[in-house]
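This report describes the fold of one protein chain. It starts with a term that is needed for packed helices and then goes through the chain part by part.

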Amino acid sequence: MRLSLRRRRTAQPAGPRPNQWRGPRADFEMSNTTIGPTRVRRLCRLAGWTALIVLSAWAAVLATRELPHLMKQWFAIHDVTVKGLNHVTREEVMARMNLKPDATLYQVSASFLAERLRVHPWIKDATFERVPFHELSVTIIERTPAAIVRNGAEHLLTDEEGIVLARLGAQDDPALPLLTGLDAKGLLQGDVRARKAVRAGVQLSKLMAHAYDGRPEINAGNPSNLVASVKGVRFQFGEQALDDQWDRFRKVQASLKTLAVDGSGRRPNEVDLRYDNRVIVRERG
């Protein structure tokens, strides 16, 4: 009698299937299979930031397209006020500036407009002020007449810098010092030497105005020997500083009022200041 012995299978304990993870890895895998509240909040936050970035980009594009148009509406120049005018007219100022019809306050260049205005012979400088939101205020600084330059029958009106302000023809202005001996053509063309001679003549006339109330006539043809006549007295000036030479004369002026050249009671009518530390007086016939 054969006996067959079979090994009984032991029952497998209940537990995870062979293809499942155990331990911490199993907990991690289980946590990824469900979406918890924290992850939902993170996704919502990410979506919000994405929407904000998109909206910001869209707003930037819109602003880039619309901002220039809005700026023109907000700062368009509707009114131009001009102050400081005496010899120059408002129409001349506006024509020199030549503003575009759609010009705005933030577009105009003050330095560029001032340069345009300084081309006018009477305008020395100009300042600008932007008045919100549609006004441009212009203040003109005009040149001041300082001398009359006579060349034959023609008279030129100049300022103290030698800038020709106007051609007066035969007309004269006795209230201003008279300068002669100058190259009128060179002065009109802006010759540096001619303008320098005018400046010297104007300076001398101002010095003499403190001692004489008459109109000085100054021959400025030779800058190293200016000859000025006023009240019948003629002065000669050398290359030294004019104010130093005039101070030298002022120190002896009081004594010259009573000085007689030859004892006849006649007074000297010519003063020569061309030599250092000397005041030479003569009587001209």
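An axis is a line fitted to C-alpha atoms, for helices over the stretch in contact, and angles run from 0 to 180 degrees between N-to-C directions. The model shown here is predicted.

**Overview**

The chain has 285 residues, and 29% of them count as buried. Its secondary structure consists of seven helices and 12 strands. Among contacts with a separation of 6 or more, 48% are between residues 24 or more positions apart.

**Helices H3 and H4**

Helix H3 covers residues 90-97 and helix H4 covers residues 110-117; they pack at an angle of about 125°, and their axes are 8 Å apart. Angles under 35 degrees count as roughly parallel, over 145 as roughly antiparallel, 65 to 115 as roughly perpendicular and the rest as oblique. H3 is therefore oblique to H4. Their crossing is right-handed. On the H3 side the contact is made by Val93, Arg96 and Met97, and on the H4 side by Leu113, Arg116 and Leu117. Sorted by class, this contact of H3 with H4 has four nonpolar residues, two charged ones and no polar ones.

Arg90 also lies in helix H3. Is Arg90 buried or partly exposed? Its relative accessibility is 37%, so Arg90 counts as partly exposed. Apart from neighbours within four places in sequence, Arg90 is in contact with Val80, Val82 and Leu85. Val80 and Arg90 are 10 residues apart in sequence, and their C-alpha atoms are 9.8 Å apart in space.

**Strands S1, S2 and S3**

Val80 and Val82 form the covered face of strand S1, while Asp79, Thr81 and Lys83 form the uncovered one. The two partners of Arg90 in this strand, Val80 and Val82, are thus placed on the covered face.

S1 (residues 79-83) pairs with strand S3 (residues 135-142) in the parallel sense, over five bridges. In this pairing Val80 stands opposite Leu136 of S3, and Asp79 stands opposite Glu135 of S3. Strand S3 is also joined to strand S2 (residues 123-131), by eight bridges, and these two strands run antiparallel. One pair of bridge partners is Ala126 and Ile140, the latter in S3. The hairpin that joins S2 to S3 passes through three residues.

**The nine-stranded sheet**

A further group of nine strands forms an open sheet with mixed pairing, in the order S6-S5-S4-S7-S8-S9-S10-S11-S12. Its edge strands are S6 (164-169) and S12 (280-282), each of which pairs on one side only. From one strand to the next, the twist averages 20°.

At one edge, S5 and S6 pair in the antiparallel sense over four bridges. Thr158 has Val164 in S6 as its bridge partner. S5 and S6 form a hairpin with four residues between them, and Gly162 in the turn has a positive phi of about 90°. Further along the sheet, S8 (residues 217-219) and S9 (residues 226-230) run antiparallel and are joined by three bridges. Here the bridge partner of Ile218 is Ala228 in S9.

Two helices pack on this sheet. Helix H6 (residues 192-209) touches strands S4, S5, S7, S8, S9 and S10, and its direction makes about 40° with that of S9. Helix H7 (residues 242-256) touches S9, S10, S11 and S12, and its direction makes about 145° with that of S10.

**Helices H6 and H7**

H6 and H7 also pack against each other, at an angle of about 25° and with their axes 10 Å apart. This angle makes H6 roughly parallel to H7. The crossing of H6 and H7 is right-handed. In H6 the residues involved are Ala200, Gln203, Leu204, Leu207 and Met208, and in H7 they meet Leu242, Asp243 and Trp246. By class, the contact of H6 with H7 has six nonpolar residues, one polar and one charged.

The table sets out the two helix pairs.

| Helix pair | Angle | Axes apart |
|---|---|---|
| H3 and H4 | about 125° | 8 Å |
| H6 and H7 | about 25° | 10 Å |

How values were computed
Residues are numbered from 1 along each chain as its sequence is written. This is a predicted model: local features need pLDDT of at least 70, side-chain atom pairs count only at pLDDT 80 or more; totals for chains, interfaces and linings use all residues. Side-chain values use heavy atoms; hydrogens and water are left out. Two strands pair if DSSP finds at least two bridges between them. Contact means heavy atoms within 4.5 Å. A crossing is left-handed if the near helix is turned anticlockwise from the far one by less than a right angle, and right-handed if clockwise. Ala, Val, Leu, Ile, Met, Phe, Trp, Tyr, Cys and Pro count as nonpolar, Asp, Glu, Lys and Arg as charged, and the others, Gly among them, as polar. Buried means under 20% relative accessible area, exposed over 50%, partly exposed in between (1.4 Å probe, protein chains only).
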